[in-house]
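Reader: I should like to learn how the contacts between chains and between domains are to be read in a model of this kind. Could we work through them in order, beginning with buried area?

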Amino acid sequence: MAASLVDKVMKGGGFWPAAPAFLYLVVFFIMPMAVLLAFGFVPIQRGTVQSANFTLEYLFDVLTDDLFWRVWWRSFYVGVLSTFFCFLFAYPLAYIHTLVGRRLQMVILILTVAPLLTSALVRTYAWLVILGGRRGVVNAVLMDLGLVSRPLRMLYSDFAVIVGMVQIHLPFMILPLITVLSSRDRKLEHASLGLGASRVRTFFRIVLPMSMPGIIAGTTIVFALSYTNFIIPQLLGGGGYTTVAVQVYEFIVVILDWNKGAILALLLLVSCFLFVLMITLAGNRMMRWTEAKA
Amino acid sequence: MSETMTTSRPATADVAERGNASKVIDRIGATILAIIAVCTVLLLSVPSLIVIAISFTETAYIGFPPQGFTFQWYADLFARDQIIDAAVTSLQISAATTCLSLALAIPAAYGLVRGRFFGRGFASALIVAPQMLPGMVIGVATLFFGAYIAFRQSNLMVILALTVFCLPFAVRMVMARLTQLDPALEEASLSMGASKTRTFFEITARQLVGAIIAGGAFVAIEAFDNLTVALFTASPRSRPLSVELYNLVQFDSSPMVAALSSLEILAAFVVMIVLAKAVGLDRLRT
Amino acid sequence: MPIEVADINKHFGKLHVLRDCSLSIRDGETITLLGASGCGKTTLLRCIAGFETPSSGKVVLGGEDVTRLPPNQRGVGFVFQNYALFPHMTVAENLAYGLRVRRADRSTRKAKVEEALALVSLTEFADRYPQSLSGGQQQRVAIARALVLRPKVLLLDEAFNALDAKLRVAMQIELRKIVKQVGITTICVTHDQTEALTISDRIAVMSKGQIDQFATPTEIYDTPTTAYVADFIGAANVLPAELAAKLPSLGARGSREDRMIVIRPENLTVRPTKGSEPLAGTIAFARITGPSVEYEVEAAERKLRVLVSRADHDMLDIGTPVALDVDKADACVAVSGSVEGSA
């Protein structure tokens, strides 16, 4: 009986197996997102709708606030710098991964995947230990070596936040780069070397442009993650350090101003999509050669 | 070497000189590349090792280098009911999220890959969409939706929201395997008289085991560790371990936090070794 | 079991992939659907197997209309292009799968599997996994797996494609023997004309979703009914009737002007000439193909292929002006249609 029912479901066209997931997402994803959208434009008090009057008041409040723009600017440059340094550190390792033997490849892959399986919170905590106070790892080493006499203040700064973001998001940059680099055609490099180009020139003129799809994938993911992360700024940036994502958390959980929280969350989401779109479009312009393939 | 070899002209002094210059540049380039790569390797591994080292210190504060050796902080950890309860809560949430995600993801992947129906592109886009959103947005949206329909923060709310967040991982892993799978295997089974159901369980599902394990493991780990969704959806009275740890990190400076973190690192490492043995590490890249 | 395919049409969206396909296949006969890729031959086979449902028309297996039956209720054996052996089952388990579905008891299963493995001489490979077998062995497992269920008909979809050239011919002969020994009605699909000639009692040549001609290999070669068939099976020179009429020994054939004349290369002759001939040309290319010489002759703005036995013939140089004629006028047939880019 049950089996024949399953049979019928599977026979009734391809959609039915996907129907439960589809329905689930409509109820627990689309509808919540709709409520989030509504809460940005309709007055809310303690989670209940006060009146069904559509208002742009919250949006205007935020957009005309100088503080918001300063906070947004910090979110933006933290995102950009984290992405840039992530790329800088990820690329050489991903490139070397394609040049070494199977054993070392495995080691690099394990080193990359392992942090993904560890919670980001634990890894952020590690930076508290490393950068923190006079007993932090860096200061302890520097003072033992006599390089500094007083502990440096490293925690609770842009530096600490960006270091944390770079380390925590590295795997998301390395993995797409490894994927695209290991499937590349080595003959092109041999051709370039054969034509008299140096290895450095070959790297910048051949390898780097050919890995553009991986670069776009990695940078968009890392930017989106860094731009919307609120845990790292809270822990490594300290009390007064706010980004848009941190503000969303504070307005919703601490201040309980859900209208403002909702509109900030929406602004964060929309601006994040716009930046990702811009990176993708700019990247696509740089790799128009891929279109000829089709 | 290859520069001079392929030049048709004889190797004049000029060419040789240029060859030497580019050789120097090449050596510098390779050195820079290697230095950065070593830094990256250190960056990936050292922080975790430091946390583990510090968890054994005898001092009551976090400091480097760790002094002495003690399991005291681990003992403290297991003596705290609050933490044990949180760990149990997290395990429950993780197990429930994994089961729910897989139950939805496996048939969904099958329908999306094998089915031919109107709006398939839209359906696939919807099912992987939550992955593009930050966990915070999903957490906030669920919290608001719950408030709207008078549904309180609870373990159930965490599970429902985390399933939205994790579903794309699971669907994509199963889809990736299913796309590689020759549909003729299923047709062969049908032509031998097996029903569609029997074919799915005896043939298709058997080929998907690796992807299901990998996807399930990823969901389980994410659901256990997740903070960004849980922070908004968990009830203050039964907090999962991640939220508990978040509070400890902020307000407790004893090495007990390092001990808890070390245990998580250890668990992640064990899971990865098991996964690597079971399905191969390459699979984890998708 | 006899198979009746009646007026099958199949549409995929706007694509009309099968047009009024009809076949009537006798019990125990082996036939081949032959055609270039995209001609609809695989779709027709899949309609017979039940993997596709025709838009209109009927499939009748042994008197029973199975058009609307799903594949698992049709009792057909199918051998797939890449064999589709279940990788997680041993050879014996692959063979036993269909028997388990039919709830055969353990001893029956064992006996039948052994019998089928013996038929394809793979008895000692029963406990191996498919990946550890060679391509030819995998193919024999696939055939045995289909035959062990005693299907009404055996269907093979490009089953020899994955084999290298030498093994392919050996396996084709092997298949022919097995099929005749079992006495099962068999339909093969291929784009390889030699394969079709080797294994079939009759061949259905398909183009653009239609069956052009359904006849024995000899008939197909000797009396093709369309220019496409003539060109697809073996080499052929397809000439407009008025041009062919200029060949001295042939004369006027085919009453209507739109007809085309098929002349096989081995039926054309060349001799060096100086004077003006009704149909003259020059040798554009010559090569030895073992016992014969093959020429490419440029005449009347076309390229014609001529195959001459080397036994009593001095090879002609490129550029030699030649006169063309036919050997046997009877062997030239008139057909309908035309061939794009015909030789």
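Author: Buried area is the accessible area that two parts lose on being put together, summed over both. In this predicted model, chain B and chain A bury about 7800 Å² between them, and 83% of that area lies on carbon and sulfur atoms.

Reader: Which element of chain B gives the most to the side that touches chain A?

Author: That element is helix α2 of chain B, residues 13–54, which contributes 18 residues. By class, the side of chain B facing chain A holds 61 nonpolar, 18 polar and 8 charged residues.

Reader: How many residues of each chain are in contact?

Author: Contact here means heavy atoms within 4.5 Å. On that basis, 87 residues of chain B touch 86 residues of chain A.

Reader: How many salt bridges and how many polar contacts are counted between chain B and chain A?

Author: The two kinds of pair are counted separately. Between chain B and chain A there are 0 salt bridges, whereas 9 residue pairs are in polar contact, with both residues at pLDDT 80 or more.

Reader: Where does this pair of chains stand among those that touch?

Author: There are 2 pairs of chains that touch, and chains A and B have the most contacts among them. Chain A and chain C, by contrast, are joined by no contact; their closest C-alpha atoms lie 10 Å apart.

Reader: Let us turn to chain B itself. What are the bounds of its domains?

Author: Such bounds come from an automatic or database domain assignment. For chain B the assignment gives domain 1 as 1–54 and domain 2 as 72–284. The centres of these two domains of chain B, taken over C-alpha atoms, are separated by 41 Å.

Reader: What area is buried between domain 1 and domain 2 of chain B, and which three residues of domain 1 supply the most of its share?

Author: The area buried between the two domains of chain B is about 360 Å², with 76% of it from carbon and sulfur atoms. B:V51, B:I52 and B:I54 supply 87% of what domain 1 of chain B buries against domain 2 of chain B, more than any other three residues. In terms of contact, 4 residues of domain 1 of chain B meet 5 residues of domain 2 of chain B.

Reader: How many salt bridges and polar contacts are found there?

Author: Between domain 1 and domain 2 of chain B the count is 0 salt bridges, and 0 residue pairs are found in polar contact with both residues at pLDDT 80 or more. The side of domain 1 of chain B that touches domain 2 of chain B has 3 nonpolar residues, 1 polar residue and no charged residues.

Conventions
Residues are numbered from 1 along each chain as its sequence is written. Chains are lettered from A and ligands numbered from 1 in the order in which they are written. This is a predicted model: local features need pLDDT of at least 70, side-chain atom pairs count only at pLDDT 80 or more; totals for chains, interfaces and linings use all residues. Side-chain values use heavy atoms; hydrogens and water are left out. Buried area is the accessible area (1.4 Å probe) that two parts lose on being put together, summed over both. A salt bridge is a side-chain nitrogen of Lys or Arg within 4 Å of a carboxyl oxygen of Asp or Glu. A polar contact is a pair of N or O atoms within 3.5 Å; within protein, one must be able to donate a hydrogen and the other to accept it, and residues adjacent in sequence count only if both atoms are side-chain atoms. Helices (H or I, at least four residues) and strands (E, at least two) are DSSP runs, numbered from the N terminus. Ala, Val, Leu, Ile, Met, Phe, Trp, Tyr, Cys and Pro count as nonpolar, Asp, Glu, Lys and Arg as charged, and the others, Gly among them, as polar.
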